[in-house]
Structure formats: C-alpha cells, structure tokens
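I opened the model to look up a loop residue, some aromatic rings and a pair of helices. My entries follow in the order I made them.

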Amino acid sequence: WIASRGTETPAEGTDGLKREGGGSRLALIIAAIVIIILLAVNINGYLSGREEVEPAGAPLSEDALALDLYERGMALWEQRGADANRRAIQNFRSAVERDPDFAEAWAALASAYGTLPTYTDEVDLEESLDQALLAADRALRLKPELVQPRTLMGEIAERRGEWQLAREIFEDAMASDPDNATITLWAAGHFREAGYLNRSLDLTDLALELEPGAPPALNERAMTHFFFGDAARGEEELNFLWNELGFDTPIIWYAKWFAYLRRGDFAALDEWQSQCPFASGCELFMLGAAAAQGSDEDRAAFSEHLLDAYEDGAPAFMIVSLMQVTGNMGAILDVADRETNSQRFVNFVVLFDPVIAEIRRSARFTQIIDRVGLLTYWQETGPPDFCTDEPDAHVCQQLGG
C-alpha cells in the first residue's frame, strides 16, 4: 500500500499518465504496491558500491537555471498532493534536460515518480515505477554515494530473492540519512513484505515523527493496522484519511470495502460499492459482496469467476484477497504457486493475512516461500511475526526446527 515506492527517468514522449485499456488500468490502480522491475544494468555494482561524498560546498549543478528548477521542484514535491507532485516532475525533468549530469535532480525525479501514485490513480503504475528505476539508475551512475535512489536497489535485491542484502541496503540508507522520512518509510515497506509487521510499524511511526501527518506514512500505518493488527484502530485511521484529509485513493477504498465485509455490514457495503474506483473491475467486488451473503454454491461460483479473472490478467494480490470470501484456500495456494514460479508475485504481504492462516499450515506454502528466498531470510534473521500466533504453521515448525 505504499504507492510511494517509485521514481522515474523520463522516456521520450512519456509523462507517467495512464495507458488505455480497462483491464490493465484495473491491475495497475489496484496494485499500488506492485513493483515491476525492468532494470537490468550493472545491478551488482549498485548493490555493493559505496563512494565518498563530495565536499559539502560543491555545487549541485553549474547550470543556474537547472539548479533553480531543481529547488522549485523540491519545494513542490515536499508539499505533497497530485498537482504539486506532477509539477515537481516537470521541474525535475526540465532540470535534467538542461544538465544531464545533475545527479541530485535525477534522484529527485525518481522520488517524485515514486510518490505520484500515492495521490492519484491517473497514472500507469508500471510505467511510473519503470521510469523511477531508470532515473535512480542514472543518478547512481553519476553519484553512487547518493542515498535515496540507492534504496531502489533494495527492491531489485528482493526480486532476486536476496532479502538479507535488501535489508542491508535499507538499513545502510537509513543510517546514511537518518532524517529522511521517505527512506524510512521505504524501509518499512521492506519489513512489511518480509512478514516483520511490528518492525514495519515501528519504522512507519518513525517516518511520521520525521514528517508529521505525511499521508503515505498514515496510509501505511492504517493498512497495516487494519489487515494485520488492530482492525478497529486501522479502520479509524482509514476513515481519518478518507474523510478528514480527503485522501480518497483507490487503495483506501479497497481497505474500507474489506472493513465493511468483515464486520458483516452489508448495507454499508452496498452503499460503498457505488463509489468503486475500479471501472469494469468493480464487478468483482460487487460479486464478492453478493457471494459473502449467499450460499455455498454462490461462493463456489465466485471462486471460479475469480480464477477466470486471474487468467484474464487481474492482479494476483487482489484475487488472493477476494478469494477469502470463498474459503477456497487451495485456490489461493494455486495462484501463489503460479505467481512465484514465474517470479511475478511481488506483494507477499497478502499471504500473511491472519484471515487465511490455513494456507500457512500447508507444506506448499513453505515451498512457495522458499522459492522466493524468504525461507532463507527467515532462517538467517528470525521467523516472521505470524509465527507468534501460528506456531503450528508448517513454515514456523520448519524454522523452529
């Protein structure tokens, strides 16, 4: 749920706006935490390289106008919000067009593309993250010592199954720039995806100390509380974001839909459905609400419908979440198995939901987790938080042994 994990390098003729097509739009809007890694250039060098920082007095750019554009962009980006974020991107892009060797501007561009999806669904998330990684790549080529773009290399390490290395990258980045709320929040995302929810919440709270009221951090905390801890507190925080801050993003609508579902407040759920932001994909949520109130046959039919939607390109994490309505744990494992076998599953935290604890009692879950490197990580660093409440889970028994 941190859509603030992206950044971009401008491609000719692109501005991060969404592509056409209802199906792909649904997948990209919902997958606010999906990380698509398309970067494959000198990754090993970035994961291990460290260089000394230039003297503090060195100018960031010899081009006065590029420097002015960069400073204006930073002021806009720090305001947060969709319009300010877009204008920041324009300024950063103009800065690097004037000075292609302006490393800090490339790094800022990466951060701006990373945070833009937090504020609007009018973006193509896949493209935005791709652009972010390219911008981070350019920044690091110019100045390997820059901290913020280096954290994106942690994402790459995770996708390669090198979770311990990813952790080291994030911890090193936080140590190098301890007052940077964005880096702290991105590190929280690493621990979330690795199943260390308590550590993730601690870092989210720290990010909020560094930047009080930051919507991405408030969003992260609310989602984690709701799905993995204190659901009542999480829903209060979601309501505050939606009603008080006007932070009416698709991912919060998604979480509130599940809040009504899990409380069995179907009247409110039906009313909430009218605000669904997912265009043609709203049918899945409507059918899910109906199946939850229907018979076993209705839920079985919905399970088949979800699998058809998955075959048609609906994102795996959404299918896993909605499949909870059906009780079809085997189908959840089937989807997770296929996604990890093809190295596409990039939102592991949905597999740690207490509502589907049954899947973690299966040896198949352990095999799935082993395939993506998390089992080795847990063996090295300690078991995930869900093992505290689920000591009989197959993977927890393996770790205990």
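Entry 1, a loop residue. I began with Asp353, which lies in the loop between helix 18 and helix 19 (363-371). The model is predicted, and I read every value below as computed from it. Is Asp353 buried or exposed? Its relative accessibility is 3%, so Asp353 counts as buried, the limit being under 20%. I then listed its contacts, leaving aside neighbours within four places in sequence: Phe227, Phe228, Arg262, Gln324 and Arg360.

Entry 2, the two Phe contacts. I followed Phe227 and Phe228, both taken from the contact list of Asp353. I counted aromatic pairs and got 22. Phe227 and Phe228 form one such pair, with 6.4 Å from centre to centre and 55° between the planes, and the pair is tilted. Phe227 has 8% relative accessibility and therefore counts as buried. Phe228, with a relative accessible area of 17%, is buried as well.

Entry 3, the ring cluster. I asked which residues the ring pairs link into a cluster with Phe227 and Phe228. The cluster holds Phe226, Phe227, Phe228, Trp242, Trp253, Tyr254, Trp257, Phe258, Tyr260, Trp272, Phe285 and Phe317.

Entry 4, arginines over rings. I went back to Arg360, another contact of Asp353. Arg360 lies over the face of Phe386, 5.0 Å from the ring centre. I also noted Arg167, whose charged end sits over the ring of Tyr196 at 5.9 Å from the centre of that ring.

Entry 5, a helix pair. I looked at how helix 13 (residues 250-263) packs with helix 17 (residues 316-323). Their axes are 12 Å apart and make an angle of about 15°. An angle under 35 degrees counts as roughly parallel, so I entered helix 13 and helix 17 as roughly parallel to each other. The crossing of helix 13 past helix 17 is left-handed. Helix 13 makes the contact with Tyr254, Trp257 and Phe258, and helix 17 with Phe317, Met318, Ser321 and Leu322. Tyr254, Trp257, Phe258 and Phe317 also appear in the ring cluster.

Entry 6, a residue of helix 18. I ended with Val335, found in helix 18 (residues 329-341). Val335 has 1% relative accessibility and so counts as buried. Which residues does Val335 contact, leaving aside neighbours within four places in sequence? I found Leu307, Tyr310, Ala316, Ile319 and Val320. I also looked up Glu311, which is 24 residues from Val335 in sequence and 10.0 Å from Val335 in space, C-alpha to C-alpha.

How values were computed: Residues are numbered from 1 along each chain as its sequence is written. This is a predicted model: local features need pLDDT of at least 70, side-chain atom pairs count only at pLDDT 80 or more; totals for chains, interfaces and linings use all residues. Side-chain values use heavy atoms; hydrogens and water are left out. Rings of Phe, Tyr and Trp (its six-membered ring) pair if their centres lie within 6.5 Å; planes under 30 degrees apart count as stacked, over 60 as edge-to-face and the rest as tilted. Buried means under 20% relative accessible area, exposed over 50%, partly exposed in between (1.4 Å probe, protein chains only). A charge sits over a ring if NZ of Lys or CZ of Arg is within 6 Å of the ring centre and within 35 degrees of the ring normal. Axes are lines fitted to C-alpha atoms, for helices over the stretch in contact, and angles run from 0 to 180 degrees between N-to-C directions. Helices (H or I, at least four residues) and strands (E, at least two) are DSSP runs, numbered from the N terminus. Angles under 35 degrees count as roughly parallel, over 145 as roughly antiparallel, 65 to 115 as roughly perpendicular and the rest as oblique. A crossing is left-handed if the near helix is turned anticlockwise from the far one by less than a right angle, and right-handed if clockwise. Contact means heavy atoms within 4.5 Å.
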